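Colleague: I am new to this structure and would be grateful for a close look at one part of it, with the surroundings explained afterwards. Please begin with a single residue and its place in the chain.

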Amino acid sequence: MDQFVLNLIFVGASFALYIGIAIWAKAGSTSDFYAASRGVNPVVNGAATAADWMSAASFISMAGLIAFVGYGNSTFLMGWTGGYVLLAMLLAPYLRKFGRFTVPDFIGDRFYSRTARLMAVVSLLVMSITYVIGQMTGAGVAFSRFLEVDNTTGLLIAAAVVFVYAVLGGMKGITYTQLAQYVVLIIAYTIPAVFISMQLTGNPLPQLGLWSDHVGSGEPLLKTLNEVLVELGFKDYTGHHGSTFNMVLFTLSLMIGTAGLPHVIIRFFTVPRVADARTSAGWALVFIALLYTVAPAVGAMARLNIITTIYPEGIQEQPIAYDQRPDWMRTWEETGLLAFEDKNNDGLIQYYNSENPPAFADERGWEGNEMVTFNRDILVLANPEIAQLPGWVIGLIAAGGLAAALSTAAGLLLAISSAISHDLLKRTFTPNISEKSELMAARISMAFAIAFATWLGLNPPGFAAQVVALAFGLAASSLFPAIMMGIFSKTMNSTGAIVGMVVGLGSTLLYIFTYLGWFFIPDTNMLANTPENWLFGISPLSFGAVGAVLNFVAAYVTLKMTNEAPAEIQELVESIRVPKGAGAATDH
């Protein structure tokens, strides 16, 4: 069967499933729309949370970034996984016990301030819109390849599908859609990895295959990869070549950013009890681990496969001719995300590090790396084709990549929608709005959010995972400190929380826009985004941790200059943190 037809079958069947679920679980009330009436089973919520959290960045982009950098980009794995543990253990149960629909709802009531609520809404919108750019970017990449359309058309198709099931179903529909999407994406991610691990190492478990011997060389896989990379002038795969300081900051930014993600936090408002929030958090971590333990192997094996494709007879022999390039290269070239340039007109594909060329480069008359474009976001999607796996596997990974992008996009759009309809309209400006009108406002605001995110996705400021990293930095610098202080500081007042959020979000946005352009508009940056221009060597992707520190400092300095939170608020915080009926501790 033709590959395009197979892709249509897999993608079409998955979309039919999602839309069918949305129709079945159509939200009939604001409680359905915002929190699925707090009736979601903890295991189901765990799988939905995993799908919500494992976005296009995790499925499509992360392994690509690891593949082309190696150990230095393991920060994505460490930061995101560590952050989820932080969220699950430290924040989720307390937020569920507070019993609100949204993060701005919690901040507004805990800090007894309309201004605090509005600042939380602003922070949520800035973070969520930045995050959703990455999802739409990833969906556009997947659509453009597997439906054989250009990137813009692919992005528009993705927006239309999300519109149907997110606007219709709300949290209730999104929850069960995300459950289906998790099943699709984890099968799609794991099956190609198993095939490739068997090919390269003979071990069916990719997690173990990464540490096994390479069947071609008889040496450990990572040692083989290191050797071929160094031979081509690249840095070794397992070494650390960047700034340790920046690496620590970036990991920390991803961790606390994860713990401040509103679209993940609201998932814990959907379970019946506080104990269920803990249970669903544990299940979500299990479901997440199934993908995150495979990703390092996917990255390493894909990088080795790319080199083997170009140098089928080994590095010391001539590379393949451009006219003889495999079909996967031809099809990805059509998307514009892969491109070659024959710089020395010899008809062959030279792939090496032209900034540190190997000794044989001059001998062969090479004049530069001829793989001039290789978008990192295509690597996982192209992996089955690179490894020459069956056509049904390619169709499966197409469905999985789209499921990852669309599941998180839906969660983010719900967070945006509920912030506007519930926190701005219902809780701030029009408290007497009817439930029917509020539900309509939620759907209209989600439609506008989808349109805006699509427009931004046409000109993203980086690869999917890099754009998402910016969003995590914004969450780290704005919402995370406010949530932490709201739970663990009885005395923190509204003024301190507001000043902290303004300082944290403002400083992070200013730093990001300085290097990436104002509102990510191309050519509006004040400084080039290069290490020599960064303040104290801190990357824009890593500044969220600094913004969080500034947030905490500003909040506590302000608290020292103002009155503590009222007594009733302090009692409220104490009631959240201490289980009902708990007695005094006794000696044993």
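Modeller: Threonine 153 counts as partly exposed, because its relative accessibility is 30%, a value that lies between the limit of 20% for buried residues and that of 50% for exposed ones. The model in which this value was computed is a predicted one. Threonine 153 belongs to helix H8, which covers residues 151-201. Phenylalanine 143 stands ten residues from threonine 153 along the chain, and 8.0 Å separate the C-alpha atoms of the two.

The surroundings may be described next, beginning with the chain as a whole. It contains 23 helices and two strands. The chain has 588 residues and a radius of gyration of 24 Å; a compact globule with that number of residues would come near 25 Å, so the two values agree. The C-alpha trace extends over about 80 × 60 × 50 Å along its principal axes. Buried residues make up 60% of the 588. The exposed surface amounts to about 21,800 Å², of which carbon and sulfur atoms contribute 63%. When contacts between residues at least 6 apart in sequence are considered, 81% of them link residues at least 24 apart.

Alanine 297 offers a case with a partner far along the sequence. This residue lies in helix H14, residues 295-310. Its relative accessible area is 1%, under the 20% limit, and alanine 297 therefore counts as buried. Beyond the neighbours within four places in sequence, alanine 297 is in contact with Pro206 and Leu210. Leucine 222 is 75 residues away along the chain, yet the C-alpha atoms of alanine 297 and leucine 222 are 9.7 Å apart.

Alanine 482 can be described in a similar manner. It is part of helix H20, which runs over residues 464-488, and it is buried, with a relative accessible area of 1%. Serine 494 is twelve residues from alanine 482 in sequence, and the C-alpha to C-alpha distance of this pair is 9.9 Å. If residues up to four places away are set aside, alanine 482 touches Ile107, Phe111 and Met501.

One of these partners, Ile107, is among the buried residues of helix H6. Helix H6 comprises residues 103-110, and eight of its eight residues are buried. Among them are Asp105, Asp109 and Arg110, as well as Val103 and Phe106. After H6 comes tyrosine 112, with a positive phi near 40°.

Helix H5, residues 75-98, deserves attention for its geometry. Its 24 residues span 33 Å from the first C-alpha to the last, close to the expected 34 Å. H5 nevertheless has a kink of about 45° at leucine 91, a position shortly before proline 93. Directly after the helix, glycine 99 adopts a positive phi of about 80°.

Most residues other than glycine have a negative phi. Two loop residues may be considered with this in mind. Asparagine 345, which is not a glycine, has a positive phi of about 55°. It is situated in the loop between E1 and H16, and it counts as exposed because its relative accessibility is 67%, above the 50% limit. Phenylalanine 536 likewise has a positive phi, near 55°, without being a glycine. The loop that holds phenylalanine 536 connects helix H21 (494-516) with helix H22 (543-561). With a relative accessibility of 69%, phenylalanine 536 counts as exposed.

The loop of asparagine 345 also contains a residue in a contrasting setting. Glutamine 350 lies between strand E1 (338-339) and helix H16 (360-363). Its relative accessible area is 0%, so glutamine 350 is buried. The side chain of glutamine 350 forms two polar contacts that may be noted here: one of 2.5 Å with the side chain of glutamate 370, and one of 3.4 Å with the side chain of tryptophan 366. Outside the neighbours within four places in sequence, the residues in contact with glutamine 350 include Tyr311, Pro319 and Asn344. Gly368, Asn369 and Met371 also belong to the contacts of glutamine 350.

Technical notes. Residues numbered from 1 in each chain as written. Predicted model: local features only at pLDDT ≥ 70, side-chain atom pairs only at ≥ 80, totals over all residues. Heavy atoms only, no water. Helix = DSSP H or I, 4+ residues; strand = E, 2+ residues; numbered from the N terminus. Expected span 1.5 Å × (residues − 1). Bend = angle between axes of the 7 residues up to and from the residue. Rg over C-alpha atoms; globule rule 2.2 N^0.38 Å. Buried < 20%, exposed > 50% of the residue type's maximum accessible area, 1.4 Å probe, protein only. Contact = heavy atoms within 4.5 Å. Areas by Shrake-Rupley, 256 points an atom, 1.4 Å probe, with all protein chains shown as cover. Polar contact = N/O pair within 3.5 Å; in protein donor to acceptor, adjacent residues only side chain to side chain.
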